[in-house]
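Work through the exercises below with the structure in view. Each task is followed by a solution in steps.

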Amino acid sequence: MPCVALLSDVLDMHYLAPAFRAHCPDIDLRLGTDLGPLDQIDAAVCWYPPHGLLAQLPQLQLVQSLAAGVDHITADPQLPRALPLCRIVDPEMATGMKAYVCWAVIQHQRQMPAYLASAAVGAWREQTMSPPGRHRVGIAGLGTLGLACAEALAAIGYAVRGWSRSAKAGLPTGVAGFHGDAQLGEFLSGCDTLVCLLPLTPQTQGFLDADLFAKLPRGAHLINVGRGAHLVEADLLRALDRGELAAATLDAFTQEPLPPEHPFWRDPRILVTPHIATRTDVSVIAQQTLHNLALLQRGQRPATAVDLERGY
């Protein structure tokens with residue numbers, strides 16, 4: 001009977017309990033502040049777990065993220081580095097992300113905010129139209145989600161390019177590839193819309209900064225569906241004020257929920273969504289956690305284990 005703790009400083013993790021019990025009726029689930037004897041816990045499912053807590057679990061065999069990202073776990077300075085840490089790999093996440101990113105690109109490129117404003121006052125006003133092929137969309141980060149979005153946008157007809165730290169083979173048809181620091185400037189210069197889907201690592205923290213914004217075509221649109229720490233918030237506001245950027249669509253933030261007093265809420269050039277670009281089904285989280293724990297107990301390494309040196 002596995003003993004699994006559901007740990008978060010920001011989420012009520014009770015929503016996961018029915019899925020775990022459906023897959024393992026005899027499971028010993030630990031939630032909330034009273035976790036019982038800590039030396040009984042085999043696995044911890046985490047979303048921003050309390051710092052220092054994982055180091056207090058002497059029999060812990062698995063740390064499982066709720067999502068593809070693990071930076072919310074590795075941010076704990078007391079995280080035992082030898083603990084197996086796994087991320088979620090969910091094919092349906094790519095479907096959700098494709099839908100969100102295509103919507104975010106289209107709603108700005110087709111000037112939907114202006115149409116909504118006109119509709120609110122009963123005004124029939126046409127905006128200037130430009131075909132998708134004249135709008136260049138860049139995807140920074142060509143992992144599973146980035147490649148899925150690049151392929152979907154190219155299928156619609158957008159001129160798509162992608163950038164990654166290292167060269168990627170087998171890019172989707174119609175997607176131009178760039179890689180490494182040497183090609184970053186050339187990549188950015190051809191992005192009317194830039195989509196950030198990078199993993200968060202020490203090298204990509206603060207990636208979306210003043211220097212990067214200055215390399216984009218003037219009036220570009222930024223979409224951040226990566227992590228909040230990719231973005232230097234003050235630099236974004238200055239770039240919007242200077243006209244370097246025309247708009248931003250943001251779904252991830254350094255502080256979540258985004259505080260009501262945050263200036264992003266009141267800026268008409270910024271569209272905020274509450275980290276809903278895509279979600280993992282609770283059944284997938286339960287299945288992968290229990291599968292990964294079983295593999296580790298047999299001495300095998302899960303395919304979704306994270307390389308802590310790379311950060312993903």
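**Exercise 1: a helix pair**

In this predicted model, the axes of helix α3 (residues 91-109) and helix α5 (residues 144-156) come within 9 Å and cross at roughly 50 degrees. Classify the arrangement of α3 and α5 and describe their contact.

Solution. Two packed helices are described by the angle between their axes and the distance between the axes. Angles under 35 degrees count as roughly parallel and 65 to 115 as roughly perpendicular. The angle here is roughly 50 degrees, so α3 is oblique to α5. The crossing is right-handed. Next, list the contact: α3 contributes Met 93, Ala 94, Met 97, Lys 98, Val 101, Cys 102, Val 105 and Ile 106, which meet Leu 145, Ala 148, Cys 149, Ala 152, Leu 153 and Ile 156 of α5. By class, these residues are 13 nonpolar, no polar and one charged.

**Exercise 2: a pocket**

State the volume of the second largest pocket and describe its lining.

Solution. The volume is about 400 Å³. The pocket is lined by 22 residues, of which Asp 71, Thr 74, Ala 75, Leu 200 and Gln 205 are the closest to its centre. Sorted by class, the lining has eight nonpolar, eight polar and six charged residues.

**Exercise 3: backbone exceptions**

Locate the cis peptide bond, and place Tyr 48, whose phi is positive.

Solution. Most residues other than glycine have a negative phi, and most peptide bonds are trans. The cis bond joins Glu 256 and Pro 257, with omega about -5 degrees. Pro 257 lies in the loop between β11 (245-250) and α9 (263-266). For Tyr 48, phi is near 50 degrees, and this residue sits in the loop between β3 (43-47) and β4 (62-65).

Technical notes:
Residues are numbered from 1 along each chain as its sequence is written. This is a predicted model: local features need pLDDT of at least 70, side-chain atom pairs count only at pLDDT 80 or more; totals for chains, interfaces and linings use all residues. Side-chain values use heavy atoms; hydrogens and water are left out. Axes are lines fitted to C-alpha atoms, for helices over the stretch in contact, and angles run from 0 to 180 degrees between N-to-C directions. Helices (H or I, at least four residues) and strands (E, at least two) are DSSP runs, numbered from the N terminus. Angles under 35 degrees count as roughly parallel, over 145 as roughly antiparallel, 65 to 115 as roughly perpendicular and the rest as oblique. A crossing is left-handed if the near helix is turned anticlockwise from the far one by less than a right angle, and right-handed if clockwise. Contact means heavy atoms within 4.5 Å. Ala, Val, Leu, Ile, Met, Phe, Trp, Tyr, Cys and Pro count as nonpolar, Asp, Glu, Lys and Arg as charged, and the others, Gly among them, as polar. On a 1 Å grid over the protein atoms alone, a cavity is a set of points where a 1.4 Å probe fits but cannot get out, and a pocket is an open set with protein on both sides within 12 Å along at least five of seven lines; lining residues have an atom within 4 Å of a point. Grid points are joined across faces, edges and corners, and a volume is the space filled by probe spheres set on the points.
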